[in-house]
Amino acid sequence: AAESPITMASQVRQVSKAFNKANAVQAARALSSATSSFTLPDMPYDYHELEPVLSKDIMELHHKKHHQTYVNNLNAAMEKFVDAQAKDDVATMISLQGALRFNGGGHVNHSIFWTNLAPPKQGGGGEPTGDLADAINRDFGSVEAFMSRFSAQTAAVQGSGWGWLGYNPEADKLQIQTLPNQDPLSTTGLVPLLGVDVWEHAYYLQYKNVRPDYLKAIWEVVNWSNVAQRYKDARGN
């Protein structure tokens with residue numbers, strides 16, 4: 001069965017924290033003991049259902065090809081790690097940390113991303129409500145101000161990366177964070193609530209090199225109920 005995005009995030013968070021402490025072997029051992037194999041999660045909607053914001057071609061390519069590649073490469077890296085661990089080959093175990101971080105991050109980031117989106121008929125778009133809306137208003141001034149700031153910071157990502165709305169459990173606040181490549185948000189100590197992929201494969205077929213247009217349009221399919229549930233879970237209430 002496919003790992004849930006939240007379970008995957010917890011596993012990658014453990015590994016990423018260990019990597020940040022330069023304890024690559026401990027990190028990979030934690031990941032290898034967490035699961036024997038990673039699988040591509042099913043999409044919660046059909047590929048065409050986010051149109052016209054995101055085309056069927058983009059969604060199908062993104063999920064079936066790009067996300068599947070992260071899953072395949074993560075499993076391949078884990079197989080190599082388990083083999084090296086059995087041989088007590090520490091050098092090889094350490095050399096695999098980059099592949100584990102990149103592909104593990106790619107897997108968990110995309111697993112969150114798919115659930116952060118929804119067709120309008122399934123609740124996508126609009127604005128957040130309840131506790132999440134209150135927190136956004138408190139920490140950013142208004143929902144409109146948050147969206148504008150999030151879009152501007154994410155558009156400014158150099159090369160490939162992600163824009164995130166995260167929860168800071170120590171400060172009990174929401175924060176916007178951008179990260180390069182496939183680095184998972186958990187490496188910063190924040191809990192991921194909403195992630196937007198700004199690798200070109202996420203939008204180029206439709207928006208070409210005009211990333212701001214993609215970021216303006218994607219609010220029409222943000223699944224605020226999913227973001228709100230992640231916020232509730234992160235706060236433990």
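Which pattern does the protein chain follow when read along the sequence? In this predicted model, the order of elements is α-α-α-α-α-α-α-β-β-β-α-α-α. The secondary structure thus comprises 10 helices and 3 strands. The chain has 237 residues, and 51% of them count as buried. Among contacts with a separation of 6 or more, 72% link residues that are 24 or more positions apart.

A word on confidence comes before the details. The protein chain has a mean pLDDT of 89, with 84% of its residues at 70 or more. Over residues 1-6, pLDDT stays under 50, and the model has 16 contacts beyond four places in sequence for this stretch. Residues 8-22 also have pLDDT below 50, with 33 contacts in the model beyond near neighbours in sequence. Where pLDDT is low, the predicted coordinates should not be read in detail.

The nonpolar interior can be described next. The largest nonpolar core holds 50 residues, and those touching the most other members are Leu54, Phe146, Leu165, Leu174, Tyr214 and Trp224. A second, separate core has 11 residues, among them Leu40, Ala84, Met93 and Leu96. Returning to the largest core and its member Leu54, the partners of Leu54 beyond four places in sequence are Met59, Leu117, Ala202, Gln206, Tyr207 and Tyr214.

Two helices show how burial is arranged around an axis. Helix α7 covers residues 143-155, and its 13 residues should span 18 Å at 1.5 Å a residue; the end C-alpha atoms are 18 Å apart, in agreement with that expectation. Its buried residues are Val143, Phe146, Met147, Phe150, Ser151 and Thr154. Seen down the axis, these residues fall within an arc of 125°, so they line one face of α7. The elements covering them include α6 (130-140), β1, β2, β3, α9 (211-217) and α10. Phe146, one of the buried residues of α7, is also among the residues with the most contacts to other members of the largest core.

Helix α10 (residues 224-235) can be read in a similar way. For its 12 residues the expected span at 1.5 Å a residue is 16 Å, and the end C-alpha atoms lie 16 Å apart, which agrees. Trp224, Asn226, Val227, Arg230 and Tyr231 are buried in α10. Because they cover an arc of only 160° around the axis, they sit on the same side of α10. Just after this helix, Gly236 adopts a positive phi of about 75°.

The loop between α2 (24-34) and α3 (56-86) contains Pro52, and Tyr45 is placed in the loop between α2 and α3 as well. Glu51 and Pro52 are joined by a cis peptide bond, with omega of about 5°. Is Tyr45 buried or exposed? Tyr45 has a relative accessible area of 5% and is therefore buried. Not counting residues up to four places away in sequence, Tyr45 touches Leu50, Met59, Trp114, Leu117, Ala118, Pro119 and Gln122. One of these partners, Ala118, is 73 residues from Tyr45 in sequence, yet their C-alpha atoms are 7.3 Å apart in space. The side chain of Tyr45 also reaches the backbone oxygen of Trp114 at 2.8 Å. Met59 and Leu117, touched by Tyr45, are likewise in contact with Leu54.

The loops beside strand β2 (173-180) offer further detail. Asp172 is in the loop between β1 (161-168) and β2. Although Asp172 is not a glycine, its phi is positive, at about 55°; its relative accessible area of 29% makes it partly exposed. In the loop between β2 and β3 lies Asn181, another residue other than glycine with a positive phi, near 55°. Asn181 has a relative accessibility of 38% and so counts as partly exposed.

Asp183 is also in the loop between β2 and β3 (191-197). Its relative accessibility is 19%, so Asp183 counts as buried, the cut-off being under 20%. Which residues does Asp183 contact when its neighbours within four places in sequence are left aside? They are Arg101 and Asn109. With Arg101, the contact includes a polar pairing of side chains at 3.4 Å.

Conventions: Residues are numbered from 1 along each chain as its sequence is written. This is a predicted model: local features need pLDDT of at least 70, side-chain atom pairs count only at pLDDT 80 or more; totals for chains, interfaces and linings use all residues. Side-chain values use heavy atoms; hydrogens and water are left out. pLDDT is the predictor's confidence in each residue, from 0 to 100. Contact means heavy atoms within 4.5 Å. A nonpolar core is a set of buried Ala, Val, Leu, Ile, Met, Phe, Trp, Tyr and Cys residues joined through side-chain atoms within 4.5 Å. Buried means under 20% relative accessible area, exposed over 50%, partly exposed in between (1.4 Å probe, protein chains only). Helices (H or I, at least four residues) and strands (E, at least two) are DSSP runs, numbered from the N terminus. The expected span of a helix is 1.5 Å times one less than its number of residues. The arc is that of the directions from the helix axis to the C-beta atoms. A polar contact is a pair of N or O atoms within 3.5 Å; within protein, one must be able to donate a hydrogen and the other to accept it, and residues adjacent in sequence count only if both atoms are side-chain atoms.
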